[in-house]
Amino acid sequence: MTTPPAIQIRDLVKRYAPTGKAPGKLALDGVSFDVPQGQIFGLLGPNGAGKSTLINTLAGLVMKSSGHVEIWGHDIDRHPRNAKASIGIVPQEIVFDPFFTPVEVLDIQAGLYGVPKAQRRSMDLLRAVHLADKADAYARSLSGGMKRRLLVAKAMVHSPPVLVLDEPTAGVDVELRRQLWELVVKLNREEGVTVVLTTHYLEEAEELCDRIAIINHGKLITNKPTRELVDMAREKIVVLTVDRDVSAAPQHPAFLKSTVAGERTVEITYDKDRMNAGQVLALVQDQGYAIADVSTREADLEDVFVRLTTAG
Ligand SMILES: Nc1ncnc2c1ncn2[C@@H]1O[C@H](COP(=O)(O)OP(=O)(O)OP(=O)(O)O)[C@@H](O)[C@H]1O
């Protein structure tokens, strides 16, 4: 039997109603994907793609227009309490009452989730996020990075099997980012927590995530194991200007892709592990073209991202 997914999303649509001057907005346009149990899953997309809308739907903060969502097997419409108990959300914005101490923040949150006193583990959580020595400090006296870590602890008070982090490292410096990711990896590896995170930092998604989904304009563009996406980054592109107009791009089985980019320009994508630009040129020349100009560029994950999000 296959393990059921941690999160199942089917045909999710969110249309924000028009308000006053603002027109309505189709923020999620029929999104379907699964988040496998036990993984670190990256949700990427440019600003306004619909990531926060999706996460807030999971959190029960946005009412979807249609579609079906299950968290840890619990339908968010039919069993909202169970669904909510199965997920912890680390929001984008830092929001704390500045007069509570970290241990109070966690105790209050545990109370909201109905965690019995005997099962509360506020100090354990503070230790896990390296804030034990700040347990009794005012939240307002914590640094930005400490506040982020406290938010992670807060999302974990009810021991959910799924943890979602919405752009947790936006505006956080490199060192703190690294600490936060170490914490996420630890929760995943040692406690088996399934993690979903959104980030703009592709190289981090590449390093951390088992799988990456990309959304743009409310649609899912790709959803692949990170390794496969990175393999796409093995591609290199050579742009050739030839001596006469091209009506059809020169084709060869060794080319991954060949397209006409202008009257005399063709773009050929090839696998840089299997051939080099010189061999590409030779194959084009074999087809009777003289080459007037050449440039090449590497495709990295960023490129793949841009290509996928601007296609179509
Ligand atoms: N409450 C709302 N009412 C109307 N439109 C909204 C509302 N919230 C978001 N939108 C619009 O829906 C679209 C998706 O927004 P969303 O915040 O989900 O994107 P995002 O991918 O999270 O972007 P970012 O990375 O900037 O947070 C955007 O065009 C946004 O302007």
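**Group meeting talk: a walk through a predicted model**

Hi everyone, let's start at the ligand. Around the ligand sit Y16, A22, K25, A27, G45, N47, G48, A49, G50, K51, S52 and T53. The elements giving two or more residues to this shell are β2 and α1, which covers residues 51-58. Of these, α1 gives the most, with three residues. Sorted by class, the shell has four nonpolar, six polar and two charged residues. Please keep in mind throughout that this is a predicted model.

Now, where does β2 belong? Four strands form an open sheet, in the order β2-β1-β4-β5, and the pairing is antiparallel. At the edges stand β2 (25-35) and β5 (74-75), each with a single partner strand, so one side of each has no neighbour in the sheet. If sheets are new to you: strands of a sheet pair through backbone hydrogen bonds, either parallel or antiparallel. Here, β1 (residues 7-16) and β2 run antiparallel and are joined by eight bridges. If you want one pair to look for on the screen, find R15, which stands opposite L26 in β2.

While we are at this sheet, have a look at W72. This residue is in the loop between β4 (66-71) and β5. W72 has a positive phi of about 50 degrees, although it is not a glycine. Is W72 buried or exposed? The answer is in between: W72 has 19 other C-beta atoms within 10 Å, and a residue needs 20 or more to be buried, so W72 is partly exposed.

H130 makes a nice companion. H130 lies in the loop between α4 and α5, and its phi is near 55 degrees, again a positive value in a residue other than glycine. H130 is partly exposed as well, with 15 other C-beta atoms within 10 Å.

That loop brings us to helix α5, residues 144-155. Let's do a small check together. At 1.5 Å a residue, the twelve residues of α5 should span 16 Å, and the end C-alpha atoms are 17 Å apart, which agrees. Which residues of α5 are buried? They are R148, R149, L150, L151, V152, A153, K154 and A155. The buried residues of α5 pack against β6 (87-90), α3 (102-112), α4 (122-128), β7 (162-166) and α6 (174-191).

Next comes strand β3, residues 40-44. Five of its five residues are buried, so β3 is largely enclosed by the rest of the structure. In a regular strand the side chains alternate between the two faces of the sheet. In β3 both faces are covered: I40, G42 and L44 are buried on one side, F41 and L43 on the other. What are its partners? β3 pairs in the parallel sense with β8 (residues 194-198) over four bridges, and G42 stands opposite L197 in β8. β3 also pairs in the parallel sense with β9 (residues 211-216), over four bridges, and there F41 stands opposite R211.

Finally, let's zoom out. The domain assignment gives domain 1 (7-230) and domain 2 (234-310). Their C-alpha centres lie 41 Å apart. How many residues of domain 1 are in contact with domain 2? Ten, and they meet six residues of domain 2. On the domain 1 side, the elements giving two or more residues are α7 (202-208), β9, β10 (219-225) and α8 (226-232). By class, that side has seven nonpolar, two polar and one charged residues. So we meet β9 twice: as a partner of β3, and on the side of domain 1 that touches domain 2. Thanks for listening!

Terms used
Residues numbered from 1 in each chain as written. Predicted model: local features only at pLDDT ≥ 70, side-chain atom pairs only at ≥ 80, totals over all residues. Expected span 1.5 Å × (residues − 1). Buried ≥ 20, exposed ≤ 12 C-beta atoms within 10 Å, placed from the backbone. Contact = placed C-beta atoms within 7 Å. Pairing = 2+ DSSP bridges. Near = placed C-beta within 6 Å. Nonpolar A, V, L, I, M, F, W, Y, C, P; charged D, E, K, R; others polar. Domains from an automatic or database assignment.
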